[in-house]
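The following note is meant for a colleague who is opening this entry for the first time. Please keep the sequence and the coordinates at hand while reading the numbered points.

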Amino acid sequence: MNAMRSPTAEAVFSQISGIEARSAGTEKHAEMPVSAELIEWAEIILVMETRHKRRLQEMFGTALKQKKVVVLGISDLYAYMNPELVTVLKKKVPNHLRLTPEQMTELDAVSV
């Protein structure tokens, strides 16, 4: 298991003005495990795979009722800041955020 998708997404989207991004894992051994506080903090929760959404529902079912949880469908194939992963994130994530034209320009400028 590589588990570098979420930290990469945090690194990419934290560079965009007005965006606060946090990475957390659903597994017990995660470097930064997801918590009730992070669930409460988040406006939208992006997960990489369906199994992550299921795990969140098992762990935080009630807290998730008022949250939008989006499955991006990105397999665990990449190293941290892998250019292909960054490209996939830049393609998939903006569809779920309300980015301004200025934010989209900033996102386009993010490089590895």
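1. A good place to begin is the way two helices meet, where α1 passes α4 in a right-handed crossing. The contact is made by R5, T8, A9, V12 and F13 on the side of α1, and by L85, V86 and L89 on the side of α4. Sorted by character, the residues of this contact comprise six that are nonpolar, one that is polar and one that is charged. Please bear in mind throughout that this is a predicted model.

2. The geometry of this pair can be stated a little further. Two packed helices are described by the angle between their axes and the distance between the axes. Here the axes of α1 and α4 come within 10 Å and cross at roughly 65 degrees, and α1 and α4 are therefore roughly perpendicular to each other.

3. R5, which takes part in the contact of α1 with α4, also deserves attention for its charged partners. Side chains of opposite charge can pair when their charged atoms come close. The side chains of R5 and E49 form a salt bridge, with 2.7 Å from N to O. Since E49 lies in the loop between β1 (44-47) and α3 (50-64), while R5 belongs to helix α1 (residues 5-13), the pair ties together parts that are 44 residues apart in sequence. The two partners differ in their surroundings, for R5 is buried with a relative accessible area of 4%, whereas E49, at 21% relative accessibility, counts as partly exposed.

4. A second salt bridge of R5 is the one with D76, in which the closest N and O atoms are 3.7 Å apart. This pair again links distant parts of the chain, with R5 in helix α1 and D76 in the loop between β2 (68-71) and α4 (83-92), 71 residues apart. In this case both R5 and D76 are buried.

5. How far does the network of salt bridges extend, and which residues are linked in it? E49 forms a salt bridge with R51, the closest N and O atoms being 3.2 Å apart, and R51 counts as partly exposed at 34% relative accessibility. Taken together, R5, E27, E49, R51 and D76 are linked in a network of salt bridges. The structure as a whole holds six salt bridges.

6. The loop between α1 and α2 (36-41) contains T26, and a reader may wish to look at its surroundings with some care. T26 counts as buried, at 10% relative accessibility. Leaving aside neighbours within four places in sequence, T26 is in contact with V34, H52, R55, L56 and M59. As for L56, the C-alpha atoms of T26 and L56 are 7.0 Å apart in space, although the two residues are 30 residues apart in sequence.

7. A24 is found in the loop between α1 and α2 as well, but here the relative accessibility is 27%, so that A24 counts as partly exposed. Apart from neighbours within four places in sequence, A24 is in contact with S6, M32, P33, V34 and L38. The C-alpha atoms of A24 and R55, which are 31 residues apart along the chain, are separated by 13 Å.

8. W41 has its place in helix α2, and with 39% relative accessibility W41 counts as partly exposed. When residues up to four places away in sequence are not counted, W41 touches E20, A21 and R22. The C-alpha atoms of W41 and R54 are separated by 19 Å, the two residues being 13 residues apart along the chain.

9. A last point concerns the backbone. Most residues other than glycine have a negative phi, and most peptide bonds are trans. M81, however, has a positive phi of about 60 degrees although it is not a glycine, and a reviewer would do well to look at this residue in the model. M81 is found in the loop between β2 and α4, and M81 is buried, with a relative accessible area of 15%.

How values were computed: Residues are numbered from 1 along each chain as its sequence is written. This is a predicted model: local features need pLDDT of at least 70, side-chain atom pairs count only at pLDDT 80 or more; totals for chains, interfaces and linings use all residues. Side-chain values use heavy atoms; hydrogens and water are left out. A salt bridge is a side-chain nitrogen of Lys or Arg within 4 Å of a carboxyl oxygen of Asp or Glu. Helices (H or I, at least four residues) and strands (E, at least two) are DSSP runs, numbered from the N terminus. Buried means under 20% relative accessible area, exposed over 50%, partly exposed in between (1.4 Å probe, protein chains only). Axes are lines fitted to C-alpha atoms, for helices over the stretch in contact, and angles run from 0 to 180 degrees between N-to-C directions. Angles under 35 degrees count as roughly parallel, over 145 as roughly antiparallel, 65 to 115 as roughly perpendicular and the rest as oblique. A crossing is left-handed if the near helix is turned anticlockwise from the far one by less than a right angle, and right-handed if clockwise. Contact means heavy atoms within 4.5 Å. Ala, Val, Leu, Ile, Met, Phe, Trp, Tyr, Cys and Pro count as nonpolar, Asp, Glu, Lys and Arg as charged, and the others, Gly among them, as polar.
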